[in-house]
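The following exercises ask you to read a structure step by step, each with a worked solution. Please try each task before you turn to its solution.

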Amino acid sequence: MSKNPLLKLNNVLAGYGKMNVVNNISIRVNQGEIVTLLGSNGVGKTSTLRTIIAQTDLKKGEIKYKDINITHFPTYKIAELGIGYCPEGRAIFGNLTTKENLQAGAYLLKSRQKFKENLDRVYSLFPILKERSNQIAELLSGGEQEMLAIGRSLMNNPNLLLLDEPSLGLAPKLVELIGKTLREINKEGVSILLIEQNAKMALEISNYGYLMRKGSIVLEGTAKELVADDRVKEVYLGII
Amino acid sequence: MNYLLQQIINSLGFGSIVALLAAGYTMTFGLIGLVNFAHGEVFMAGAFTAYFILTILKLPFWLAILMGLVGSIIIGLLVERLAFKPVRGSGMITLFIIGLGVSQILRNSTVMLFDARLKGFTISSFLKGVYMLGEVMIFKKTLFIFLPVLAICIILVYLIKNTKLGIAMRSLSYDTQMAQSLGMNTERVIIITFIISSALAGFAAVSWGYIYGSVHAGMGVYAVVNAFVASVIGGVGNVLGAIIAGYIIAIGGNLFIAFLPPDLVGLRPLFVWIIFFIILIFKPSGLFRANIK
């Protein structure tokens, strides 16, 4: 790992109120890489992502993005620096239409031209969204909502995308499409930190990965090393 | 028929005031779930500022409008920063009680400083007089508020529907954390919303002055109750709905007493509550779909 780190977490301790969920975690994402966080449910993967965008209580450690210390930045400033976030559970704005959701996603874009380009790109990735563009997002199907959430997180032209379980509850064909999409946007230069239940898909597209257990990192390595590791197999085949 | 039409036209002045207050009310409610009972005093602050400019300092009318807006915006922002911001994120009941407290403090301080009597409001000569439409009279002063409100209504609807700010308002009201992670600065949007809603109250306040010819410390109470009910009827968070409902309440209230025997005129305030309960029983989400929220 001689490349430049884009995002670095150093011994981060964080949680909600008095409860600690993330225990002394160190993670790095290099420019241009896809990095996966593995682990069974409830080990703190989502909280780790939310810690990066300042939505948990961070107690110790530091987070650096492009050599800027963002540890105590508010969420919106972190977004301004180019970190996009796509939460699990289809957190779309149900009161807005599909297109308005994408407009909300493009909040930080200054030029209309860029907005148009990004909108066209999302529509070409997920053509169904174009058909539904004037529909209230609450009325979209689960899969469409997931596509909308991913599409929305791409609208701001993030440098680093934090993706939480993009394939959760989706049909296999869609999972494939999302995997393909992620590889595509990665090729365009977007680094990705990914949480994924579908470990097979995740490790196929990742460069590097971390395995979490009870809020800590217990294993890290390249995707190839992780696929071969028994502990990874155990998490995805044995416990859940 | 003419009598009915005349009653409706007479209600447009008060209706516009209620509509402006309800629109501002519904925006802060939709955005941060704030039942802002101090909004009536933000309104009153604008009226007093305009009163000082016009009656005491004898300055021109346009300056009174401008300073009325400024007065309301300053008080509105102060209330937001000092009273509501420290408790951001707490429940609706907390916000409700704080709003009520701030309202009492502001109103009674005004009574202490300027007493509770009616303050005569100098009315510029161009606002006096009537236009005749057949046998129906239209007061110039009524037109001077009704037409701007139509324009304001169009601007607000456009703002909320089509601009970045409007989309940010609606996103934030639905899911604050998600909206922040897209780069939206909650505090900034809240401040802008308060500025808009206070400015609407300020314009309503100056209009109150030249429509009724006087202002007083308690003027916010009756107006804000009507505005609150209008925002509920209009579907909380729906600006257009609140404006339409403001007119419905004002016109309804006027017709209610217009067709009652004269000795029942005192029942006028009852009307708004009757409507309120009918709506709460049969259509608690309001007549129109909420868009902020």
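**Exercise 1. A residue in a loop of chain A**

Is A:Ala54 buried or exposed, and how many other C-beta atoms lie within 10 Å?

Solution. Before counting, note that this is a predicted model, in which local features need pLDDT of at least 70, side-chain atom pairs count only at pLDDT 80 or more, and totals for chains, interfaces and linings use all residues. Residues are numbered from 1 along each chain as its sequence is written, while chains are lettered from A and ligands numbered from 1 in the order in which they are written.

Step 1: recall the rule, by which a residue is buried if 20 or more other C-beta atoms lie within 10 Å of its own, exposed if 12 or fewer, and partly exposed in between, with C-beta atoms placed from the backbone. Step 2: apply the rule to A:Ala54, which has 23 other C-beta atoms within 10 Å and is therefore buried. Step 3: locate A:Ala54 in the loop between α1 (45–52) and β4 (57–65) of chain A, where helices (H or I, at least four residues) and strands (E, at least two) are DSSP runs numbered from the N terminus. Step 4: look at the backbone, where A:Ala54 has a positive phi of about 65 degrees although it is not a glycine.

**Exercise 2. A second positive phi**

Find the loop that holds A:Lys214, and decide whether A:Lys214 counts as buried or exposed.

Solution. Step 1: A:Lys214 lies in the loop between β9 (208–213) and β10 (216–222) of chain A. Step 2: its phi is near 45 degrees, which is a positive value in a residue other than glycine. Step 3: A:Lys214 has 12 C-beta neighbours inside 10 Å, and so counts as exposed.

**Exercise 3. The first helix of chain B**

Compare the expected span of helix α1 (residues 2–32) of chain B with the distance between its end C-alpha atoms.

Solution. Step 1: the expected span of a helix is 1.5 Å times one less than its number of residues, so the 31 residues of α1(B) should span 45 Å. Step 2: the end C-alpha atoms are 44 Å apart, which agrees with that expectation. Step 3: follow the axis, and you will meet a kink of about 40 degrees centred on B:Gly13, the bend at a residue being the angle between axes fitted to the seven residues ending there and the seven starting there. Step 4: count the buried residues of α1(B), which are 23 of the 31, so that this helix is largely enclosed by the rest of the structure. Step 5: look just past the helix, where B:Gly33 follows with a positive phi near 60 degrees.

**Exercise 4. The overall build of the two chains**

Describe the secondary structure and the compactness of chain A and of chain B.

Solution. Step 1: chain A has 10 helices and 10 strands. Step 2: the radius of gyration of chain A, taken over C-alpha atoms, is 17 Å, close to the 18 Å that the globule rule (2.2 Å times the number of residues to the power 0.38) gives for 240 residues, so chain A is as compact as a globular protein of that length. Step 3: chain B has 11 helices and 4 strands. Step 4: for the 293 residues of chain B, a compact globule would have a radius of gyration near 19 Å, and chain B has 19 Å, which agrees. Step 5: buried residues make up 46% of the residues in chain A and 51% of those in chain B.

**Exercise 5. Where the chains meet**

How many residues of chain A are in contact with chain B, and of what classes are they?

Solution. Step 1: 20 residues of chain A are in contact with 17 residues of chain B, two residues being in contact if their C-beta atoms, placed from the backbone, lie within 7 Å. Step 2: α2 (75–80) and α3 (98–105) of chain A each supply at least two residues of this side of chain A. Step 3: by class, that side has 11 nonpolar, 7 polar and 2 charged residues, where Ala, Val, Leu, Ile, Met, Phe, Trp, Tyr, Cys and Pro count as nonpolar, Asp, Glu, Lys and Arg as charged, and the others, Gly among them, as polar. Step 4: turn to B:Met184, which is found in the loop between α7 (176–181) and α8 of chain B, and whose contacts include A:Tyr76 and A:Tyr107.

Methods
Lists of a residue's contacts leave out its neighbours within four places in sequence.
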